[in-house]
Amino acid sequence: MVFDGANHSRFEHSLGTGHLSELLFDTIVKNTQSSENLRFDTEREKDMSRILVTVAGLCHDLGHGPFSHMFDNELLPRLVKTDWKHEKGSEMLFDSLMENEFIKNIPCEELATIYDNRKVIKNLIQGDPLCSTLPKWVYQIMSNKTNSI
């Protein structure tokens, strides 16, 4: 099927991923029978986790080069010897954004949460639950290392 005028850019993909990450988080929380299985100590921790998962979804592909995976997997290795992964580039650009003076000076509680939890967001992008207080299942939303879905 063809959709005339349809568009799918990296920007739209990231908006959709952020939205779906948030939706999946909310669905898991809503449908989990026991709050013990969620492993959140407080309602604030749950709300913070929701924000961090959404931001990770928005930022997960910041590091893609032009032509996306073709650049990452085909062109770049032919030009330079590297173990480059776009997730690493996403982390680097995310750090750069968070160090921007304009961003740092915006008076917003959610933005302060994001700034204070930069490492957690980068771990969410990588799917790496090490050194975090969030439940391990939260890391499966953005980068599922168990079955690559």
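The axis of a helix is here a line fitted to its C-alpha atoms, over the stretch in contact when two helices meet, and the angle between two axes runs from 0 to 180 degrees between their N-to-C directions. Keep that in mind as you move through this predicted model.

**The whole chain.** Begin with everything shown as a cartoon, where you will find nine helices and zero strands, so to speak a pattern of α-α-α-α-α-α-α-α-α when read along the sequence. Of the 149 residues in the chain, 36% are buried. Among contacts with a separation of 6 or more, 63% join residues that lie 24 or more positions apart.

**Helices H5 and H8.** Now select residues 86-98, which form helix H5, together with residues 118-126, which form helix H8, and look at how their axes come within 10 Å and cross at roughly 160°. Because angles over 145 degrees count as roughly antiparallel, H5 and H8 are described as roughly antiparallel to each other. The crossing of these two helices, H5 and H8, is right-handed.

Show the side chains next, and you can pick out Glu87, Lys88, Ser90, Glu91, Phe94, Asp95 and Met98 on the H5 side, which meet Arg118, Ile121, Lys122, Ile125 and Gln126 on the H8 side. The residues of this contact between H5 and H8 divide into four nonpolar, two polar and six charged.

**Staying with H8.** Keep H8 selected and colour Val120, Ile121, Lys122, Asn123, Leu124 and Ile125, which are buried in this helix. Bring helix H3, H5, helix H7 and helix H9 (136-142) into view as well, since the buried residues of H8 pack against H3, H5, H7 and H9. Then step past the end of H8 to glycine 127, which follows the helix and has a positive phi, near 75°.

**Helix H7.** Select residues 109-116 for the next stop, where the buried residues of H7 are Leu111, Thr113 and Ile114. If you turn the view to look down the axis of H7, these buried residues fall within an arc of 155°, and they therefore line one face of the helix. Which exposed residues are carried by the face of H7 turned away from its buried side? Rotate the helix and you will find Glu109 and Asp116 there, both of them exposed.

Finally, add helix H3 (43-59), H5, helix H6 (101-104) and H8 to the selection, because these are the helices against which the buried residues of H7 pack.

Methods
Residues are numbered from 1 along each chain as its sequence is written. This is a predicted model: local features need pLDDT of at least 70, side-chain atom pairs count only at pLDDT 80 or more; totals for chains, interfaces and linings use all residues. Side-chain values use heavy atoms; hydrogens and water are left out. Helices (H or I, at least four residues) and strands (E, at least two) are DSSP runs, numbered from the N terminus. Angles under 35 degrees count as roughly parallel, over 145 as roughly antiparallel, 65 to 115 as roughly perpendicular and the rest as oblique. A crossing is left-handed if the near helix is turned anticlockwise from the far one by less than a right angle, and right-handed if clockwise. Contact means heavy atoms within 4.5 Å. Ala, Val, Leu, Ile, Met, Phe, Trp, Tyr, Cys and Pro count as nonpolar, Asp, Glu, Lys and Arg as charged, and the others, Gly among them, as polar. Buried means under 20% relative accessible area, exposed over 50%, partly exposed in between (1.4 Å probe, protein chains only). The arc is that of the directions from the helix axis to the C-beta atoms.
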